[in-house]
Amino acid sequence: MSHRKPSTPIAMRELLDRIAKTFPLHEPSSSVCSKQCVGCPKKMLEFLDAEVSSWQAQLAAGREPTLGELHKLGKTAARLHRVFKLNGLIA
């Protein structure tokens, strides 16, 4: 039995869903900002939220992401995950 890889739009939707479930994108800034920060979690969340919103709009308009774009967003999310973990904002 062969396993087919999902198309890039499906893979991007799955990545966007995973990001939305992992990161506190819609939390108030008071719960994201603390006295000691590595980087600025608030600005990082704003950036990631803008990327997610942009891709959701592009997918809705029928644009198909490239594998490179999928990889880039995944890599960005992985980097931000490490920073958020250092700040104690995600497990």
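A residue counts as exposed when its relative accessible area is over 50%, and as buried when that area is under 20%. The legends below refer to a predicted model.

**Figure 1. Overview of the predicted model and its four helices.**
The secondary structure consists of four helices and zero strands, and the order along the sequence is α-α-α-α. Of the 91 residues of the protein, 31% are buried. Among contacts between residues at least 6 apart in sequence, 70% join residues at least 24 apart.

**Figure 2. Close-up of helix α3 and its two sides.**
On one side, the buried residues of α3 are Pro41, Met44, Leu45, Leu48, Val52, Trp55 and Leu59. Seen down the axis of α3, these buried residues fall within an arc of 100 degrees, so they line one face of the helix. Lys43 and Ala60 are exposed on the other side of α3. The length of the helix agrees with its residue count: at 1.5 Å a residue, the 20 residues of α3 should span 28 Å, and the end C-alpha atoms are 28 Å apart. After α3 comes Gly62, with a positive phi near 95 degrees.

**Figure 3. Close-up of helix α4, residues 67-86.**
For the 20 residues of α4, a rise of 1.5 Å a residue gives an expected span of 28 Å; the end C-alpha atoms lie 29 Å apart, which agrees. Buried in α4 are Leu70, Leu73, Thr76, Ala77, Leu80, Val83 and Phe84. They cover an arc of only 155 degrees around the axis, which puts them on the same side of α4. An α-helix has 3.6 residues a turn, so residues three or four places apart point the same way. The face turned away from the buried side of α4 carries the exposed residues Leu67, His71, Arg82, Lys85 and Leu86. The cover over the buried residues of α4 includes α1 (8-22) and α3 (41-60). Gly88, just after α4, takes a positive phi of about 75 degrees.

**Figure 4. Close-up of helix α1 and the helices it packs against.**
The buried residues of α1 are Thr8, Pro9, Ala11, Met12, Leu15, Leu16 and Ile19. Their arc around the axis is only 160 degrees, which puts them on the same side of α1. These buried residues pack against α3 and α4. Arg18 and Lys21 are exposed on the face of α1 turned away from its buried side. The 15 residues of α1 should span 21 Å at 1.5 Å a residue, and the end C-alpha atoms are 21 Å apart, which agrees.

**Figure 5. Close-up of Thr8 and its contacts.**
Thr8 lies in helix α1. This residue has a relative accessible area of 18% and is therefore buried, the limit being under 20%. Leaving out residues up to four places away in sequence, Thr8 touches Glu64, Pro65, Leu67 and Leu70.

**Figure 6. Close-up of the largest nonpolar core, with Leu73.**
The core has 20 residues, of which Met12, Leu16, Ile19, Phe23, Leu25, Leu48 and Leu73 touch the most other members. Helices α1, α3 and α4 each supply at least two residues of this core. Leu73 touches Met12, Leu15, Leu16, Ile19, Leu48, Glu51 and Trp55, with residues up to four places away in sequence not counted. In soluble globular proteins, nonpolar side chains tend to be buried together.

**Figure 7. Close-up of the largest pocket and its lining.**
The volume of the largest pocket is about 160 Å³. Its lining is made up of Phe47, Glu51, Ser54, Trp55, Gln58, Glu69, Lys72, Leu73 and Thr76. The elements giving two or more residues to this lining are α3 and α4, and α3 gives the most, with five residues. Leu73 of the pocket lining is also among the core residues that touch the most other members.

**Figure 8. Close-up of Gln58, a residue of the pocket lining.**
Gln58 is located in helix α3. Its relative accessibility is 21%, so Gln58 counts as partly exposed, a class that lies between under 20% and over 50%. Gln58 and Pro9 are separated by 49 residues in sequence, while their C-alpha atoms are 9.8 Å apart in space. Pro9 is one of the buried residues of α1.

Notes:
Residues numbered from 1 in each chain as written. Predicted model: local features only at pLDDT ≥ 70, side-chain atom pairs only at ≥ 80, totals over all residues. Heavy atoms only, no water. Expected span 1.5 Å × (residues − 1). Buried < 20%, exposed > 50% of the residue type's maximum accessible area, 1.4 Å probe, protein only. Arc of directions from axis to C-beta. Contact = heavy atoms within 4.5 Å. Core = buried A, V, L, I, M, F, W, Y, C linked by side-chain atoms within 4.5 Å. 1 Å grid on protein atoms, 1.4 Å probe; cavity = no way out; pocket = protein on both sides within 12 Å on 5 of 7 lines; lining within 4 Å. Points joined across faces, edges and corners; volume = space filled by probe spheres on them.
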